Every structure is written in C-alpha cells, then in structure tokens.
Amino acid sequence: MTARDLLTRNNVLGTALVAVLLLLPNLATAYFVNFVMTQTLILGLAAATVVFLARYGGMTSLAQFLLFGIAGFMFGNAAQETGARGLNLGWHPWAAVAFALVVTAAAAFVLGALASRTTGLYFLMLTMVYAVIGYYVFAQIVEISGPGGLTSIQRPDLLGPPVRLYYAGLGLSVLAYLGFRAVGRTGFGLTLQGVRDDPVRMASLGYNVPLHRTLAFTLAGFVAGAGGLLNVWWNGQIDPASIAIGPTLILLIIAVIGGISSFEGAWLGAFVYVLVFTYLRDLPLIDRIGITEARFNTVIGVIVLLIMMLSPEGLTGIARRLRPALRPRTRTGPDPAAGQAPATRTTEKELGVTRS
Amino acid sequence: MTHPSTAPSEPGGRAPVVQVRAVTVAFGGLLALRGIDLAIARGERLAVIGPNGAGKSTLFNVIAGDVTPTSGSVVIKGVECVHRPSRYRPRLGVARTYQKARALAGLTVRENIYLALAGLRGRHRALWRSAADRRMSDEAAEVARRVWLAEQLDTTAGELAHGQQRQLELGMAIATGPDVLLLDEPASGLSRGERERLVELLESFGEELNLLLVEHDMDVAFRIAQRVVVMADGEQITAGTPAQVRADPHVHRIYLGTEAPA
C-alpha cells in the first residue's frame with residue numbers, strides 16, 4: 001500500500017477528527033471534555049464491541065454491558081485497600097487492571113462458549129439472560145459488590161487528572177476502531193464473517209464454528225472490559241444497579257442510533273446519547289412540553305424509533321445516503337442493502353481494492 | 001436386483017476410499033435410507049442417480065457428515081467417520097459442494113476461496129495478516145482462474161450470477177486439492193453452456209481424484225462417471241457402467257417411467 005492509497009477522503013477526515021479531539025481540551029470547556037466527551041468515548045468503546053460481534057459475527061449481544069461491569073467490579077475489589085465494601089485486596093492498580101481484564105476475558109470465554117451454538121434471536125435472548133443473571137450475581141453476593149456498590153475507587157496515578165482519562169479514552173477508542181477494522185481483513189475476521197454468512201458451509205470447510213464464535217466473543221469481552229475500567233475510573237464507583245437490564249439496553253440503543261453495522265456509528269451513537277442526556281434539559285421551554293428529566297428515555301426511544309424507520313443503518317446510514325447528494329461527482333449506485341447483510345458492500349472500499 | 005458392494009476389493013481389487021456399510025437413516029417414521037452399501041474405489045468417478053426422494057442427497061450428506069445415520073458405518077480412508085462432525089472431513093482430503101450454492105454471500109470470491117484454504121491450513125485464528133495469508137490470497141486467485149472467475153475476484157459472492165456461484169462452489173471445493181470430491185447435483189440450474197464447462201472442468205482432473213456425484217441430470221452423470229449407482233426408495237436398485245445402466249429396463253421403468261428404447 002503506497003502513501004497515495006492511504007490518502008483517501010475517509011482517512012483524511014478521520015485523521016482531522018482525531019486531531020480535533022486531541023486539541024479539544026484546549027478548545028472546549030472542561031465540562032464538555034471531561035463529562036460529555038469522556039463518557040462518549042467510554043460508551044462508544046463498549047458499543048463498538050456490540051458492533052464488532054454484530055457486523056462480523058452476526059451476533060447481537062446484550063452481554064457486553066455485563067462484561068463492562070465485571071471489569072469494573074474486579075478492579076474495585078482488587079485495587080481498594082480499605083473500606084467497608086468489597087474484598088479490599090489492596091493490589092497495585094496495574095495488577096488490578098490485569099486481574100480485571102483476565103477475569104473479564106475468562107468470563108466472556110465461558111459465556112461465549114455456552115452461547116456459541118445459538119444465533120439470531122436466540123443469541124440475543126441468551127445474552128440478555130446473562131445480563132440478568134450477572135446483575136443478580138453482583139446484587140446478591142455483597143462480598144464482591146459491597147452492599148450498594150463499591151465507592152471511592154481511585155484510578156491509577158498515571159490517569160490522575162480527568163483530562164488524562166479523556167486521552168486514555170481517546171487512545172483506546174482509536175486503537176479499538178482501527179483494530180476492529182483491521183481484524184476484518186485477517187484470517188480471524190474473514191473466518192468470523194464466513195461463520196456469519198453460513199456456519200454449515202464453514203463447518204464443511206473444516207472450521208470449528210462454535211469455537212470461533214467463542215473466541216470472537218472473548219475478544220469483544222476483553223475490549224468491553226477495557227471500556228469498563230475506564231468507566232469505573234471515570235465514575236469512581238460501581239454498583240449492581242448500573243449493570244441492570246435498563247443500562248444493558250443502552251449499548252444496544254447506542255449501536256442502533258449510530259448504525260449497528262458501522263464502527264463509526266458506535267461512537268456517533270454514544271455522542272448523540274450523551275448529548276441528549278446532558279443538554280436536553282437546557283433547551284428552552286422543553287419542560288413546558290412535558291419533557292422533564294424523568295422522560296428522557298422517552299425522547300431516546302422516539303429517536304431510536306425514528307432512526308429505525310428512516311434508516312435501519314442508523315445515523316451513519318443517513319450520512320452515507322446524504323454523501324452522494326453533497327458530492328454529485330461520485331458514483332450514485334443503489335443504496336447498500338439496508339440492514340440485510342451487514343456492511344457487505346463496504347468491504348471492497350475498506351480493503352482498498354480496485355476492480356479489475 | 002440389488003448389488004451389495006460390501007467387499008472391500010470391489011472393483012479392480014483396490015481398497016475403496018469411501019466405504020458405506022448398511023447405512024439406515026430414519027427421519028421420524030420415514031426411512032430415507034434402508035441399509036444401503038456403497039463403495040468408491042480409488043481413482044473412481046461414481047455417480048448416484050435416482051428420482052426425487054430416492055435418498056441420494058441423504059446418502060451424500062451421510063458421507064459428508066451433515067447427517068448422522070441411525071445405524072451403519074461410513075469409513076473414509078480407513079477412518080470410521082459416522083460420529084465425526086463434518087468439519088473433520090477436510091483433514092481426510094474430502095471436499096464437498098452443495099446442491100444449492102452456499103458461497104459466503106458477504107465475502108468476495110477471493111475471500112471465499114481463501115477461507116477454503118485457511119480452514120485446512122489453520123491461519124484462521126491469526127489477528128494479523130502475514131506472508132502466508134498473502135500466498136493463500138494469490139493461490140485463491142489462481143483457483144478462481146481455474147473455475148473461470150478471474151474477472152470476479154473482488155466481487156462479493158452474493159452479487160454473482162447463479163452459474164458463477166456454482167463455479168465458486170466448485171472452486172472452494174477443489175482449492176485444497178482434495179482427493180475425494182463430493183458433488184451434490186453440480187449441474188442443477190445451469191445453462192447448457194455452463195454444463196459443458198462443468199463437464200470439461202471435471203474431466204480435467206484426471207485419475208488422482210475420487211469423485212462422488214449425486215445427480216438428477218442423467219446426461220451429465222453418464223458423461224462424467226465411470227460407474228453409476230441407481231437408487232430408489234432409499235435402496236440401491238442397480239449399478240454398473242453408464243452403458244449398462246442406460247440399457248437397464250428396470251432403471252427406465254423406475255427412473256423414467258418408460259420402457260427402454262429398443
């Protein structure tokens with residue numbers, strides 16, 4: 001691949017976006033950076049794991065938020081030295097990080113293995129069951145969740161100032177975005193896409209389909225765990241209610257808003273979600289029309305409904321459709337089969353291959 | 001008249017590559033296969049023909065590992081395979097095609113064939129691309145050329161025409177250089193020209209390839225196969241060379257519903 005090949009419109013736009021995000025702490029208020037954007041990056045990272053499984057594996061998982069939470073709880077138990085709640089193991093923070101990620105990946109492996117023979121709706125339901133069971137495990141075993149959650153969780157000194165947490169979120173998000181896209185072209189990613197398209201065919205080609213699904217679920221769980229660590233550092237606390245079924249649905253909603261087959265959509269959806277929850281109350285007259293804080297979920301619900309009706313591929317699908325209108329010189333072929341086989345038509349563009 | 005072909009020496013005195021013995025498959029109360037025996041001798045091209053519902057596809061799927069028989073045994077190259085899943089077959093050098101083309105719709109022709117290679121060579125758990133991947137990708141292009149898909153290398157399989165999907169299906173099956181090739185109605189839905197190309201391709205493989213062909217189209221089956229097994233109602237009716245089977249009045253009655261031409 002030559003430098004010229006790398007100079008595509010998307011790459012230039014992406015680099016510019018990252019540059020703006022790097023400079024953001026100098027451009028925007030601390031509140032916007034440390035509250036809105038850090039939260040966006042954390043939720044986007046977790047939602048990207050939903051997209052990874054859905055897009056490459058055809059698996060819509062509701063267990064990602066549980067794995068996100070497991071990492072947080074494990075870190076809290078391992079790192080805290082004193083306090084009334086949790087195990088208070090008092091480990092070095094980075095040892096606690098490693099512990100949390102290993103436990104999360106192990107949990108993902110076991111849960112993935114149990115779900116690996118199901119697909120579609122059954123997979124969705126099974127992962128929802130995981131989320132419910134996970135909630136009750138943490139809610140009832142108070143030794144590891146503390147009655148009412150673990151509080152005053154300190155982040156490692158390296159990430160002390162809030163803006164460093166923002167940069168950590170940005171760094172991991174860029175890494176996850178590029179990594180997930182690159183994996184799609186590797187043997188692992190192609191195999192996963194093959195399993196998505198036709199598991200029976202893949203078995204007859206010699207593949208162990210359930211094992212491959214399990215490994216993909218483990219990889220996604222590991223990344224979700226990294227997001228969960230950022231989340232617990234950002235929040236400073238974690239309690240079982242934060243991984244209950246309601247919050248679990250947030251990731252799926254974010255992925256649907258952004259477009260469940262696009263990695264950009266994960267962060268875009270998270271941004272829209274956080275914006276609505278942060279700024280909706282500030283809109284003039286918003287409470288006069290009956291939209292108070294208690295009804296924000298209704299607003300999110302309406303947004304999701306509109307997006308699903310207008311563009312099953314979410315906001316990125318809308319953006320993709322608007323692009324030819326803005327740039328009349330590009331080829332205006334029919335829109336990629338909306339919602340059917342996820343992202344099949346974009347493969348060519350992503351691979352940077354040219355038609356012979 | 002039945003020809004139980006249980007003797008391992010049949011025909012030509014060489015041990016069969018695939019040996020099916022007394023296989024029965026029951027779907028609920030329906031007996032799809034009734035204790036059938038079948039052997040593919042080394043270097044043999046065998047066709048199984050029969051009317052719809054004869055049990056051809058069930059027999060095929062038993063050999064390919066997609067259907068576990070109710071009773072009986074399937075030995076491939078000396079390995080008992082009845083309870084081994086289909087993913088074990090490629091390691092024995094067995095490859096198959098599907099009656100309804102099952103190429104991986106979201107991936108390109110090159111990626112489809114790449115996956116056929118990677119399944120056996122184990123690059124499929126790598127999270128990065130290596131020189132081995134690039135070599136397999138080049139190999140995939142070469143296989144695509146053999147099945148006349150060089151122009152469609154970067155087209156997704158879902159966008160291919162029906163005939164091209166069959167070609168890709170065949171490409172995926174021959175990519176790893178199997179020595180037992182199982183073809184499930186390869187000619188179904190193909191145009192006359194596409195059939196000619198298929199026959200030409202299969203004839204180009206030569207002696208080293210063992211072929212089992214399940215075919216509804218008698219013309220294609222008789223041209224490719226050296227030996228033909230005729231099935232009806234889950235049993236073998238007769239077997240022989242294409243010429244013998246063509247002349248067999250019993251076959252005509254059961255298969256075509258007419259008497260043999262005088």
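Start by selecting B:Thr24 and B:Ser71: B:Ser71, in strand 4 of chain B, is the bridge partner of B:Thr24. Strands here are DSSP runs of E with at least two residues, helices are DSSP runs of H or I with at least four, and both are numbered from the N terminus. What you have open is a predicted model, in which local features need pLDDT of at least 70 and side-chain atom pairs count only at pLDDT 80 or more, while totals for chains, interfaces and linings use all residues. Residues are numbered from 1 along each chain as its sequence is written, and chains are lettered from A and ligands numbered from 1 in the order in which they are written.

Now widen the selection to residues 18-27 and 71-76 of chain B. These are strand 1 and strand 4, which pair in the antiparallel sense over 5 bridges; two strands count as paired if DSSP finds at least two bridges between them.

Next, add strand 2 of chain B, which runs antiparallel to strand 1 and is joined to it by 7 bridges. Click on B:Val25 and you will find its bridge partner, B:Leu33, in strand 2. Strands 1 and 2 of chain B form a hairpin with 2 residues between them, and B:Gly28 in the turn has a positive phi of about 65 degrees.

Step back to see the whole sheet: 4 strands of chain B, in the order 2-1-4-5, form an open antiparallel sheet. Strand 2 (30-40) and strand 5 (79-80) of chain B stand at the edges with a single partner strand each, so one side of each has no neighbour in the sheet.

Then turn to where the chains meet. Here 34 residues of chain B are in contact with 27 residues of chain A, contact being C-beta atoms, placed from the backbone, that lie within 7 Å. On the chain B side, helix 2 (residues 109-121) gives the most, with 7 residues. Colour that side by residue class and you get 15 nonpolar, 7 polar and 12 charged (nonpolar: Ala, Val, Leu, Ile, Met, Phe, Trp, Tyr, Cys and Pro; charged: Asp, Glu, Lys and Arg; polar: the others, Gly among them).

Cross over to chain A, with its 16 helices and 0 strands. Which residues of helix 9 of chain A are buried? Among them are A:Gly187, A:Phe188 and A:Arg196; in fact 11 of the 11 residues (187-197) are buried, so helix 9 of chain A is largely enclosed by the rest of the structure. Buried means 20 or more other C-beta atoms within 10 Å of the residue's own, with C-beta atoms placed from the backbone. To see the cover, show helix 3 (30-57) and helix 11 (209-235) of chain A, together with helix 2 and helix 3 (131-146) of chain B, which are included in it.

Note on methods: Two residues are in contact if their C-beta atoms, placed from the backbone, lie within 7 Å. A residue is buried if 20 or more other C-beta atoms lie within 10 Å of its own, exposed if 12 or fewer, and partly exposed in between; C-beta atoms are placed from the backbone.
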